[in-house]
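Reader: I am new to this structure. Please show me how to read it, one feature at a time.

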Amino acid sequence: MKRHILSHSVGTLLVWFGFAVLLIVAPKVFNQGASLSLLSQMGTLMIFGLSFNMLLGQGGMLSFGHAVYSGLGAFFAVHAMNLAAAGVLTIPVSLIPLVGGLAGMLFGILFGYVTTKKSGTTFSMITLGMVELVFACSLMFPKFFGGEGGISTNRVMGNPFLGITFGPQIEVYYLIAFWLFVSTVAMFAFTHTPLGRMINAVRDNPERAEFIGYDTQWVRYLTLIISAFFAGIAGGLSAINFEIVTAENVSALRSGAVLLFSFIGGIGYFYGPMIGAVAGVFLTVMLSDFTKAWQLYLGIFFIFIVMFAPGGIAGIWASYYRMFKFRKMRQIWPAFWKICCAGLLTVSGAIMAIEMLYQRSLGGDQEPIAKIAGVSLNVFESMPWCIAALLCLIGGVGFFFTQRRFIAVWNSAMAEIEVAILKGDA
Amino acid sequence: MEFTLITLLNGVSYGLLLFMLSSGLTLIFSMMGVLNFAHASFYMLGAYFAAMLSSHLGFWPALVLAPIAVGILGALVERFGLRRVHQYGHIPELLFTFGLSYVILEIVQLIWGRASIPYAIPAELDGPLFTLYTTTFPKYRAFMMLVAMVMLIAIYLLLTKTRIGLIIQAALTHPDAVEALGHNVPRVFMLVFGGGCALAGLAGVVGGNAFVTEPGMAATLGSIIFVVVVVGGMGSLGGAFIASLLIGILQTFAVALDYSLGSVLKFIGVGVQMTSPWYSLFSLTISQVAPVMPYLLLVLILIFRPRGLLGTREG
């Protein structure tokens, strides 16, 4: 299989090289304020999302409890760091993620045996049961899980190696970037191994996979163990980054978040969850500064993606890139800008209404002013509500009339592209 | 004796509430293959609708109107959301309902706030029904059991004795044949989804004032009804009934028992010291372990009987 990876075109190598360069220069480009901490969070979330997608995207296993592995990995990592600081263990900080990974793997072996007995929707329900089980246990054993306050640690410990203490955030960022690069290469390589191919087969047609002589349960089990290992690495890195691990790390909430972000990024593409991680950190950190309704927007956006663009952001990008590559943009453009305008009107009307509603329910009578994009609106006057309703109405009607045309144009362009590809192959 | 009887009654009434929820979930699942992650969210909506309606119209109209409103909402969700996602397969359907549970929670918090809202038991159902030795059994608990039993019988009669029930049953196994006979199968699906949601709404109406009506109520029951459905056997109504009662009684008993492994060992003459390495494990009381019980049951069932109590198919 090694030969197979090496024989990939120069282009692939260039992509990996570009990824490495991007990781190295990112903190130089984004150097204001909290951006370093954001980049670190994105890095850990990328590893977590990629490991999650190993199950959902590549194996068709929708897990509601993936945070179990990253969270338990984080707890083991935090205890290992505390033991190392006390002099009981000798382990450098740079290898702590490996402790998390091994712990995640251990629990993958343990829990995966039960969860992978089933596939499809039953698997999802069992993983939800698992995460509730672990979360409930975390409150029962305060010694290990630290109860409500969690377990904290100090990442500056042991002798500095080559002057690296992991005190400054930049050193932590590069540690995360290193592990991110290694994990991404490893997880990409996994997709080309026989097991990585088999899990695709098990996802697409388990019956036929069994007929060839593979045990589908065993294939799912092995994949889950490897995925749990990488989730544990992500957990270990987050333990180093935040220097605290709480019960929230093993909760259904955390598992739901990685599911949301990975799906928004696009589970059909290897790099989808990485886009999802960037979008996710932006949404949770930046959007929550702007508006109290960010979780509502996130949920609605997620439903929108599930309904209209199951390929996620990566899928949208890929199909528009294709349109561009085959010079079809001009063909779809007239219908495209109309539907975009209609959509924009609807969205702005909806945002206006939601923001005013939030102001009304949370601000009470004292604060009747909602500020949206610098404009102050009194939520007790009827005028702003009328404007919002009008925007929604115009946008909605416009959307209704333009969508049919857009879908027709889009489908015909897609069909032409397919013909062109077939001709190219012949 | 007194303790056992009262706890058993409480357990049965809690179990019946679980069944009101899991029956709708099971119906929807066995018909459409859709696992409705947002099922407990509809339960929450039922409670909130009932709290609103009962403050204006009184409890009895709310008991009828709130489930109907939830049912209509569910039917709309099926018509304009799920039906579109259906073409992508069962996992995207599950993802859709997962996103829906997120949005419903946010909207509930947006309209009614993050704190619990007042939703009182109606005066005519308040108070004790009978006294057993020294403990009283509240009227409302009995009313909950009554509603659940009436609902159970109504579903049974509807599914087995009426024409629409026969069509539903046929559409369950042979949708194509039913469609060929001239029935509108997508509309049957919409009815079933709306009906299942209405059952969840009904559970919310009677559960909302027995417990607390707050935004967290969906999350507390949501994962337990999933356990009920897996333990009972995917898609089996009878299994869901047994599993609901089992888990209801198990949890109610566990919460009330204050024994730990250590105290049992002490009883048979083995003392466990504070210093022993597994002291925290030995000192856990059964009531502390209670929240974990349903999930432990789930794991045990999956290991020893993977198709569930009354399930017929391996998944």
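Reader: What follows H11(A), and what is the sign of its phi?

Author: A:Glu243 follows H11(A), and its phi is positive, near 60°. Helices here are DSSP runs of H or I with at least four residues, strands are runs of E with at least two, and both are numbered from the N terminus. This is a predicted model: local features need pLDDT of at least 70, side-chain atom pairs count only at pLDDT 80 or more, and totals for chains, interfaces and linings use all residues. Residues are numbered from 1 along each chain as its sequence is written, while chains are lettered from A and ligands numbered from 1 in the order in which they are written.

Reader: What span should helix H11 of chain A have?

Author: The expected span is 1.5 Å times one less than the number of residues. H11(A) covers residues 216-242, so its 27 residues should span 39 Å. Its end C-alpha atoms are 38 Å apart, which agrees.

Reader: How many residues of H11(A) are buried?

Author: Count C-beta atoms, placed from the backbone, within 10 Å of a residue's own: 20 or more others means buried, 12 or fewer exposed, and in between partly exposed. In H11(A), 22 of the 27 residues are buried, so the rest of the structure largely encloses this helix.

Reader: Is A:Ile109 buried or partly exposed?

Author: A:Ile109 counts as partly exposed, because it has 14 C-beta neighbours inside 10 Å. It sits in helix H5 (residues 96-115) of chain A. A:Ala228 is 119 residues away from A:Ile109 in sequence, yet their C-alpha atoms are 8.6 Å apart.

Reader: Now chain B. Which way do strands S1 and S2 run?

Author: Two strands pair if DSSP finds at least two bridges between them. In chain B, S1 (residues 128-132) and S2 (residues 135-138) run antiparallel, joined by 4 bridges. B:Pro128 has B:Pro138 as its bridge partner. The two strands form a hairpin with 2 residues between them. In that turn, B:Tyr133 has a positive phi of about 55°.

Reader: How many residues of chain B are in contact with chain A?

Author: Contact means that two C-beta atoms, placed from the backbone, lie within 7 Å. By that rule, 38 residues of chain B meet 34 residues of chain A. H4(B) gives the most to this side of chain B, with 13 residues.

Reader: How many helices and strands does chain B have?

Author: Chain B has 14 helices and 2 strands. Of its 315 residues, 44% are buried. Its C-alpha atoms fill a box of roughly 75 × 50 × 40 Å along the principal axes.
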